[in-house]
Amino acid sequence: MTVPAARLLSLDGRVALVTGASRGIGLAIAEALASAGAHVVLNARNAGRLDAAVAAIRTSSGSAEAAAFDVRDAGAVTDAVANIGDRLGRLDILVSNVGGGVRKPLAEQTDVDFTAAIDTNLVACFRLARESSRLMVPQGFGRILATSSINSFVARPTMAGYAAAKAGLNGLVRALAVELAPAGICVNALAPGYFPTEANRTLRATNPDLVAQVEARTPMRRWGAVEELGAAAIFLCSPGASYCTGQVLAVDGGLLASL
Ligand SMILES: NC(=O)c1ccc[n+]([C@@H]2O[C@H](COP(=O)([O-])OP(=O)(O)OC[C@H]3O[C@@H](n4cnc5c(N)ncnc54)[C@H](OP(=O)(O)O)[C@@H]3O)[C@@H](O)[C@H]2O)c1
């Protein structure tokens, strides 16, 4: 008998690792996956904030634990993923969400700024995916979801490293999707539009013109709420996404669709 479609969105019994999950988009995705039944391992660097995020998920009856490490630290990534395999016996879902970068005019962007953006947004995702695949391939099941950005398609001034890294991330998603498809692993990305988080708090406070410009440019005439990424993440991480791979899904209020 075929499984009812709604049940294919259940994450009961699944183990997920979400990076950058102590606040903002990562926390919203972690909460969404937990609400769908997954046991979620939340990652960030600051252990105190991470523990608060884990406690919030547990309070709402979700299953969660913390794993504090820096995704740019290759050894820490290897150890953290192996530790999940050793203790929990499996890893079904990786949400590679950490990202960001400094905004500076081109002439002021140093080589260090540029390579830091590539390291954080791209190299870290590559390593996390490689280490996760060591657990997912033998299982014959896996879902890898990266947080890209609409800036992987369209750019604003002062974001050379970030835009280049996110465009590279889309390429990584396609390459891994093709390679891992025979193992039952689907690899996709979300490309958020504009969402108010700590990452852009200063920008919003100091640049009201940008806030208004985003609203005017977005067909829905507003910024997104991080919770609006949750359902898309559940789908792309679920058994129901079994024939969906190599895709970058914009969640942007229609911004990319409009001229
Ligand atoms: N907000 C938007 O409008 C928007 C739009 C498009 C794409 N995005 C993408 O969405 C993702 C999340 O952005 P956000 O706005 O939610 O950011 P945010 O609110 O600043 O949250 C960043 C999270 O990542 C953690 N983190 C940062 N660097 C880390 C590292 N090296 N290792 C481990 N954890 C780290 C932070 O905790 P610690 O500081 O404690 O480590 C925090 O939990 C990024 O990839 C970003 O590029 C955001």
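These legends walk through a handful of close-up views of one predicted model. Residues are numbered from 1 along each chain as its sequence is written, and side-chain values use heavy atoms, with hydrogens and water left out. Because the model is predicted, local features need pLDDT of at least 70 and side-chain atom pairs count only at pLDDT 80 or more, while totals for chains, interfaces and linings use all residues.

**View 1. Here is the largest pocket, with about 1200 Å³ of space in it.** On a 1 Å grid over the protein atoms alone, a pocket is an open set of points with protein on both sides within 12 Å along at least five of seven lines, and a lining residue has an atom within 4 Å of a point. A volume is the space filled by probe spheres set on the points, which are joined across faces, edges and corners. Look for Asn 97, Val 98, Gly 99, Gly 100 and Ala 199, which lie nearest the centre among the 42 lining residues. Each of α1 (24–35), β2 (39–44), α4 (111–139) and α5 (160–180) supplies at least two residues, and α4 gives the most, with four. Helices (H or I, at least four residues) and strands (E, at least two) are DSSP runs, numbered from the N terminus. By class, the lining has 16 nonpolar, 18 polar and eight charged residues. For that tally, Ala, Val, Leu, Ile, Met, Phe, Trp, Tyr, Cys and Pro are nonpolar, Asp, Glu, Lys and Arg are charged, and the others, Gly among them, are polar.

**View 2. Now for the ligand, with 31 residues around it.** To be included, a residue needs a heavy atom within 4 Å of the molecule. The closest are Ser 22, Arg 45, Asn 97, Tyr 162 and Thr 197. Zoom in on the ligand's oxygen atoms: one is 2.9 Å from a side-chain N or O atom of Lys 166, and one is 3.2 Å from a side-chain N or O atom of Arg 23. With Asn 46, a backbone N or O atom lies 2.9 Å from a ligand oxygen.

**View 3. This one shows the largest cavity, with a volume of about 50 Å³.** A cavity is a set of grid points where a 1.4 Å probe fits but cannot get out. Its lining includes Ser 96, Cys 125, Ile 144 and Leu 169. The elements giving two or more residues to that lining are α4, β5 and α5, and α5 gives the most, with four. Nine of the lining residues are nonpolar, one is polar and none is charged.

**View 4. Three residues share the stage here: Ser 149, Asn 151 and Phe 153, in the loop between β5 (142–147) and α5.** Ser 149 is buried, with a relative accessible area of 5%, and Asn 151 is buried too, at 9%. Phe 153 is partly exposed, at 46%. Buried means under 20%, exposed over 50%, and partly exposed in between (1.4 Å probe, protein chains only). A polar atom of the Ser 149 side chain lies 2.8 Å from the backbone nitrogen of Asn 151. Leaving aside neighbours within four places in sequence, Asn 151 is in contact (heavy atoms within 4.5 Å) with Met 159, Tyr 162, Ala 163 and Tyr 194. By that rule, Phe 153 touches Asn 170, Ala 191, Val 248 and Leu 256.

Methods
Polar contact = N/O pair within 3.5 Å; in protein donor to acceptor, adjacent residues only side chain to side chain.
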